[in-house]
Amino acid sequence: MSRFKIAIIGAGSVGFTKKLFTDILSVPEFADIEVALTDLSEHNLTMIRTILERIVEANGLPTRITATTDRRQTLEGARYIISCVRVGGLEAYADDIRIPLKYGVDQCVGDTICAGGILYGQRNIPVILDFCKDIREVAEPGAKFLNYANPMAMNTWAAIEYGKVDAVGLCHGVQHGGEQIAEILGAGDGELDYICSGINHQTWFVDLRLKGRKIGKDELVAAFEAHPVFSQQEKLRIDVLKRFGVYSTESNGHLSEYLPWYRKRPEETKRWIDMSDWIHGETGGYLRYSTETRNWFETDYPELLKAAGKPIDPARRSNEHASHILEALETGRVYRGHFNVKNNGVITNLPADAIIESPGFVDRFGINMVAGITLPEACAATCISSINVQRMSVHAAISGDLDLLKLAVLHDPLVGAICTPEEVWQMVDEMVVAQAAWLPQYAHAVAGAKERLARSTVKTREWKGAASRAVRSVDEVRAERDAMKLRAAG
C-alpha cells in the first residue's frame, strides 16, 4: 500500500492522540504512513511526538511522525484529517457553566446544546471553517475530515454546509451504551446486536437483539432496575426508557440537560442524579473533572513513555471509529458503525438538513448509510427540538447575528423551561462579553452588550451550596458522596 498522510489537529490531547495512533498502527497495511501532528501548545506537541516516536521505534515500523504548530503545513497533502480541538480551553468552558448557572440553568456537561453547548459552538465553528479552508486548499483532493470535537452536530453541520469538505462526525456514546446493555443482559462477545439512530447524544436503541431474540422495553427496564449499580446511576435514563419505550445512548448527566423536565428545579434535580461519578449528573461535573485532571499527562508522562516502549497488541485496539473507518476505506474490509452525517432522508421523520447519528457501512466506496429508519415519535420530537436549536446556532455562528444566537438559546429545551426571554437576552449578552476573545464574529456586538448589561434590571439568582457551584474541590465531592451513601444506608 502506498504511503498516505494523516493529520491530527489538537494532537496535544496526549491520551486521546496516543489511543488513535495505536489504533491506526494496529492495521498492518498502515505501517508506512505519515502522521502529522499540530497543536497550539509546543510543549504538548513535544510530549506526544516523543511518545509516538517511542511506539514506532519499539515496534520497528517505518512510520513517519512530524509535529508543528503550523496547521497549514500539517494539512499539506493529508488524505485524512482528524480534529479533537476545544476552542477557548477550560477558561471559556468555565463561563459556559458558570454564567448560565446564575440564571438557574444547571448543566452537567454543557458541550452539546443548552446554553453552554451553543456558546461552545459559536467558538468552534469559525475555527472549523478555517480548518476546512486549509483542507480545500492544501490537503489531498477529496480529503476526508473526521471530527471528534463537540458540539458534534454543530461542528459537522458547519463543516459540510459551509466548509464544503467531505466530513463525518465520530463519537463513542453508542458503544458505551451498548456495553451497558450487554452487561445487564449477560451478553457474551458478539451476542448483542443493536441499531441506534437519532442525533448525536440523543441516539436511541431502536432495535435490540440478544442471540437473535428481540429485546423489548419491559425486559430492558427489568434488567436495568435489577442491576445494583446502573439502577442508581442511570435513574433518569431508566425513567425515559419507561416513558419513551427505548433506551438513550447518552449518560444520565448528558441526557438530563437535553430535556426540559429533569433539571429545572434544584430539589427535583437531586432525585435524578447520582454523585458516585460526575457523569451521572453532578452540576458542572465535567468542568470540575477536566479542571482537576487537566495536566494528568504531566505527572503520568514517565509511565506513558514506558508503556509506549511495548509492542502494539492489535487485540487491544479500541472501539473508537477512526482507525476502523480508515482501514475500510483503504483496504475494502467492511466496517459497520454509527456515524454523524447529513440526514438527506436516512431517518424519515427528521429534517433533511440535520446532522444525524445512525448506522452505516464503510468500504473502499465510502460511508454508506442505512436508509429508511423511522424513529419512535417521542424520540423524533425530542431530536427535532434540538435540531432546531442546532440549526439556528450554526447560522448565528456563521453570520454573527446576535439576535439569532439569543433566539437559539431561547428555544433550547432546558433553558426554555427555566428562563424568561429577558433573562435569556441578558445571559447571552453576558456570555458574549465574557468570551469575546474567542468570538470574532460578534466583535461588532460586544459594546452594545456591555451597555445593556450596565443598565439591566434583570436580577440573577443566587444558588447556594456545594451542589450549585460549577467547580468544586475533590474533598467537597467526596464529602457529598459519603453523606448520600450514609443517607441511603439509613
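Let me start with helix α6, where M152, A153, M154, N155, T156, W157, A158 and A159 are buried. The model is a predicted one. Helix α6 covers residues 152-161, and with eight of its ten residues buried it is mostly covered. What do these buried residues pack against? The list has helices and strands in it: α5, α16, which is residues 377-399, and then β5 at 144-147, β6 at 166-169, β10 at 335-342 and β11 at 355-363.

One of those α6 residues comes up again with a cysteine. C171 sits in the loop between β6 and α7, the latter being residues 173-185. Is C171 buried or exposed? Its relative accessible area is 12%, and the limit for buried is under 20%, so C171 is buried. Leaving out residues up to four places away in sequence, C171 touches M152, N200, H201, H321, N340 and E357. M152 is among the buried residues of α6. For H201 I also have a distance: C-alpha to C-alpha, C171 and H201 are 8.7 Å apart in space, with their positions 30 residues apart in sequence.

A second loop residue next. T249 is in the loop that runs between α10, residues 235-244, and α11, residues 252-256. T249 counts as buried because its relative accessibility is 3%. Which residues is T249 in contact with, once neighbours within four places in sequence are set aside? They are G173, V174, G177, C196, T203, W204, F205 and R237. Of these, G173, V174 and G177 carry numbers that fall in α7, residues 173-185, and R237 falls in α10.

On to charges. The count of salt bridges comes to 32. I will go through three of them.

The first pair is R72 with E137, whose side chains meet at 2.9 Å, N to O. This salt bridge links distant parts of the chain, 65 residues apart: R72 belongs to helix α3, residues 71-75, and E137 to helix α5, residues 114-138. R72 has a relative accessible area of 32%, so it is partly exposed. E137 is also partly exposed, because its relative accessibility is 43%.

The second pair is E330 with R79, at 3.1 Å, N to O. E330 is in helix α15, residues 321-331, while R79 is in the loop between α3 and β4, the strand at 80-83, so this salt bridge ties together parts 251 residues apart in sequence. Are E330 and R79 buried or exposed? Both are buried.

The third pair is E267 with R265, and here the N to O distance is 4.0 Å. E267 counts as exposed, because its relative accessibility is 54%. R265 has a relative accessible area of 41% and is therefore partly exposed. Some salt bridges share partners, and in that way R71, R72, K133, D134 and E137 are joined into one network. The pair R72 and E137, at 2.9 Å, is in that list.

Last topic, helix packing. Two packed helices are described by the angle between their axes and the distance between the axes. Helix α19 appears in both of the cases I picked.

In the first case, the axes of α17, residues 402-410, and α19 come within 9 Å and cross at roughly 120°. That angle makes α17 oblique to α19. Which hand does the crossing of α17 and α19 have? The crossing is right-handed. On the α17 side the contact is made by L402, L405, K406, L407, V409 and L410, and on the α19 side by P421, V424, W425, M427, V428, D429 and V432. By type, the residues of this contact divide into eleven nonpolar, no polar and two charged.

In the second case, α19, residues 421-434, meets α20, residues 446-455: the axes come within 9 Å and cross at roughly 125°. That makes α19 oblique to α20. The crossing of α19 and α20 is left-handed. From α19 the contact takes Q426, D429, E430, V432 and V433, and from α20 it takes V446, A449, K450, R452 and L453. These residues divide into five nonpolar, one polar and four charged. D429 and V432 of α19 are named in the contact with α17 and also in the contact with α20.

How values were computed
Residues are numbered from 1 along each chain as its sequence is written. This is a predicted model: local features need pLDDT of at least 70, side-chain atom pairs count only at pLDDT 80 or more; totals for chains, interfaces and linings use all residues. Side-chain values use heavy atoms; hydrogens and water are left out. Axes are lines fitted to C-alpha atoms, for helices over the stretch in contact, and angles run from 0 to 180 degrees between N-to-C directions. Helices (H or I, at least four residues) and strands (E, at least two) are DSSP runs, numbered from the N terminus. Angles under 35 degrees count as roughly parallel, over 145 as roughly antiparallel, 65 to 115 as roughly perpendicular and the rest as oblique. A crossing is left-handed if the near helix is turned anticlockwise from the far one by less than a right angle, and right-handed if clockwise. Contact means heavy atoms within 4.5 Å. Ala, Val, Leu, Ile, Met, Phe, Trp, Tyr, Cys and Pro count as nonpolar, Asp, Glu, Lys and Arg as charged, and the others, Gly among them, as polar. Buried means under 20% relative accessible area, exposed over 50%, partly exposed in between (1.4 Å probe, protein chains only).
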